[in-house]
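Thanks for coming, everyone. I would like to walk through one structure with you this morning, and I will put it on the screen now so that you can follow along.

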2 protein chains.
Amino acid sequence: MPGRRKPTINEVAHLAKVGIGTVSRVLNNHPAVRPETRARVQAAMESLGYRPNPHARRVAGGRSYTVSVILPFVATEFYTRLIEGIEQVLQQERYDLALFPLLSRSRLERYLESSTFAYQTDGLIIASYDLTELFGGNLLPTDRPVTLVDAYNEHYDSSYMDNPLGGALAAEYLAQFPGEIFAIKLEEDIDRAFAKTTFGGRLAGFQHKLAELGRSLPQTHLYTTRFSAEGGQLALRQFIAQSPPPYNIFAGADLIALGVLEEAERQGLKIGHEVRVLGYDGQPWTEARGLSTLAQPVEAMGAEAARMLLKRIGGYRGAPRAVRFTPTLLERASTAPRAPIPAHP
Amino acid sequence: MPGRRKPTINEVAHLAKVGIGTVSRVLNNHPAVRPETRARVQAAMESLGYRPNPHARRVAGGRSYTVSVILPFVATEFYTRLIEGIEQVLQQERYDLALFPLLSRSRLERYLESSTFAYQTDGLIIASYDLTELFGGNLLPTDRPVTLVDAYNEHYDSSYMDNPLGGALAAEYLAQFPGEIFAIKLEEDIDRAFAKTTFGGRLAGFQHKLAELGRSLPQTHLYTTRFSAEGGQLALRQFIAQSPPPYNIFAGADLIALGVLEEAERQGLKIGHEVRVLGYDGQPWTEARGLSTLAQPVEAMGAEAARMLLKRIGGYRGAPRAVRFTPTLLERASTAPRAPIPAHP
DNA sequence: CTGAAAGCGCTTACAG
DNA sequence: CTGAAAGCGCTTACAG
């Protein structure tokens, strides 16, 4: 059974007693098909287990019906959700998605020049990086439309998250608690061309808002680490060594915050009182773990990027647009000793 | 200039004054072409900047000329090199590579059933995971040939690294130094279906060889952490708190070893005397950092996997083969106070 | 709304 | 060794 010759559009047409043109129209949601005919064709496709051959479609249609997504090569919930959002929109338009993980710079350059790319991409979504840096601040060396997601550049359509705002929300929130304020700073990629501004943006917004509130963040209250839970552990140890509790900590990422939580437990500090931690990302496990965090509409951001790109592929020529998405603070036990205080006493 | 209609095989044929069949033969390295003709055709392709349309080729040829590589979604040198090795072999055979990062289990299942997959894959290379677990210990639900790389399963061709041997080499090496032996254990993925055996294999080989040598590795000398440099830092702190120097440490991975090095420096311990660390992976930066490590022929392993798969795609039906690759110990300053002692006094 | 036909850019027997 | 032709499975005007 498996490996059997795949049914073609001819067989579907034959079974449905229509021409192949009509089958094609059904496939492409062309409006000019009688509902009755459409149903007959769909039944035929169903009963044959028909799957259109994408290569034939690409040859006949003269385009790739494929969008490439270039993204950092990191296993995070964030990218899973982002892709999810992008894919959903693409699917509706019968577009495929080709993932291009940024393994190395040379691979990217080879890719952009390869015939794979030339024949496989009607447009490009670039996630999290401003790759123009890679090309000396110039536009990317491609004639295909480009959309940025989780990043911003004035020359391209951009769908991005307001990280400084998230930082500001964090500052405003933590400032209301008794005790001093601490933050954990994440080392970003050293390679300028691949620099991300995510964490930097969050921290900048955080510090800016603190200043506005007349609060300070001395050097001793800022711990720098790479991206890991263990970094959070080390940070809390450092804070403990230098200042008395309570500690109100903006961790900048859920994973780091997790390390803080673990270390706090190990040290016997009361979470929500002596140690308050705020993560970032709103990962699924934060709820069960009782971690307060800033949640982001990642799927929506991805979907918007896909929509903007598809519009360009369709021939739209307007000025670049930027769509901004904002995070939401979720309050949990890591900053509130119990559930959020009810509205009336 | 950009976006101009791409030249086709017809134009090449016309310019070279041959039929399109001959152009196709040149493209596919068919031996039955006179060198002179071949040169003429190649010149024509060159001057037109001709790139064959892969979709047309796939429609006409009735296959995808594409191999899918399913791999963990982690940014490491290891995977860059692995892909490099695979890609090189595929390129020679005019095969494309489609990367499928394992963002989530549901995405994988959808992928295997998608028409993208059906029409885009003549064969499958799976890196680092034994995905049969995902399907209840059964074979993968696909009729395409499958090859495992950096993993082993008796039912499929496998190209793998001997991690236990690496651990044994590490044990043998570290046992020659004065002082006690320590190791850092890496938490592996908790999801059984996505379990990797890499680190476990290294440690098992390490412990086995130690036992053979009559040495022991007490619980206190084994620190468990997630995969991060900070984990190495924490590990060394723990060892210091419990035992006197010197420390002979098998870190299990270069990144962890880096954390150990950093912490040793911070603590003012003499590297190569009071602290000896051995990494694993042979990353490029280890040389400059003076980190001893176990280097692996990753590209060769990838290339072998690609060759085995291509053979299956070509119709080969023999019993599954397993090709084993072995690591090599590179001695640097982190274990040797100076360069390796010369052979004669 | 629908069918027949041309065309997309290749590969592959088939003859010579 | 080489050319002409058929065929791969679609899309897309073009007529009706």
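Let me start with Arg202(B), which lies over the face of Tyr280(B), at 3.7 Å from the ring centre. In chain A there is also Lys311(A), placed over the face of Tyr316(A) at 4.4 Å from the ring centre. Before I go on, please keep in mind that this is a predicted model, so that every distance and angle I quote is computed from predicted coordinates.

Staying with rings for a moment, there are 22 aromatic pairs over all chains of the structure. One of them is formed by Tyr111(A) and Phe117(A), whose ring centres are 5.3 Å apart and whose planes stand at 70°, and because the planes are over 60 degrees apart, the pair is classed as edge-to-face. Are these two residues buried or exposed? Tyr111(A) has 9% relative accessibility and therefore counts as buried, and Phe117(A), with a relative accessible area of 3%, is buried as well. Ring pairs also bring in Phe100(A), which is linked with Tyr111(A) and Phe117(A) into a cluster.

As for the chain that carries this cluster, chain A contains 13 helices and 12 strands, and its C-alpha atoms fill a box of roughly 80 × 50 × 40 Å along the principal axes. Of the 345 residues in chain A, 52% count as buried.

Now to chain B, and to some of its strands. Strand β1, residues 66–71 of chain B, pairs with β2(B) in the parallel sense over six bridges, and within that pairing Val67(B) stands opposite Leu97(B). Why do we describe β2(B) as largely enclosed by the rest of the structure? The reason is that five of the six residues in this strand, which spans residues 96–101, are buried.

β1(B) also pairs with β3(B), again in the parallel sense, this time over four bridges, and here Ser68(B) has Leu124(B) as its bridge partner. Strand β3 of chain B, residues 123–127, is mostly covered, with five of its five residues buried. In a regular strand, side chains alternate between the two faces of the sheet. In β3(B), Gly123(B), Ile125(B) and Ala127(B) point one way while Leu124(B) and Ile126(B) point the other way, and all of them are buried. Moving on from there, β3(B) is joined by four bridges to strand β4, residues 146–149 of chain B, with the two running parallel, and Ile126(B) stands opposite Leu148(B) in that pairing.

That brings me to the DNA, and I will take strand D before strand C. How many residues surround DNA strand D? There are 28, and the closest are Ile9(A), Ser24(A), Thr22(B), Arg25(B) and Thr37(B). Of the atoms of DNA strand D that come within 4 Å of the protein, sugar and phosphate account for 71%. On the phosphate side, a polar side-chain atom of Asn28(A) lies 3.3 Å from a phosphate oxygen of the strand, and Gly19(B) places a backbone N or O atom 2.9 Å from a phosphate oxygen of DNA strand D. On the base side, a polar side-chain atom of Arg25(B) is 2.6 Å from a base oxygen of DNA strand D.

Which element gives the largest share of the surface near DNA strand D? That is α4(A), with five residues. Sorted by character, the residues of this surface divide into 12 nonpolar, nine polar and seven charged.

For DNA strand C, there are again 28 residues around it, and those that come nearest are Thr22(A), Arg25(A), Thr37(A), Ile9(B) and Ser24(B). Thr22(A) has a side-chain N or O atom 2.7 Å from a phosphate oxygen of DNA strand C, and Ser24(B) has a polar side-chain atom 2.5 Å from a phosphate oxygen of that strand. Arg25(B), which we met at strand D with a base oxygen, also has a side-chain N or O atom 3.2 Å from a base nitrogen of DNA strand C. Two or more residues of the surface near DNA strand C come from each of α2 and α4 of chain A and α2 and α4 of chain B, and the largest share, five residues, is from α4(B).

Key:
Residues are numbered from 1 along each chain as its sequence is written. Chains are lettered from A and ligands numbered from 1 in the order in which they are written. Side-chain values use heavy atoms; hydrogens and water are left out. A residue is near a molecule or strand if one of its heavy atoms lies within 4 Å of it. A polar contact is a pair of N or O atoms within 3.5 Å; within protein, one must be able to donate a hydrogen and the other to accept it, and residues adjacent in sequence count only if both atoms are side-chain atoms. Ala, Val, Leu, Ile, Met, Phe, Trp, Tyr, Cys and Pro count as nonpolar, Asp, Glu, Lys and Arg as charged, and the others, Gly among them, as polar. Buried means under 20% relative accessible area, exposed over 50%, partly exposed in between (1.4 Å probe, protein chains only). Two strands pair if DSSP finds at least two bridges between them. Rings of Phe, Tyr and Trp (its six-membered ring) pair if their centres lie within 6.5 Å; planes under 30 degrees apart count as stacked, over 60 as edge-to-face and the rest as tilted. A charge sits over a ring if NZ of Lys or CZ of Arg is within 6 Å of the ring centre and within 35 degrees of the ring normal.
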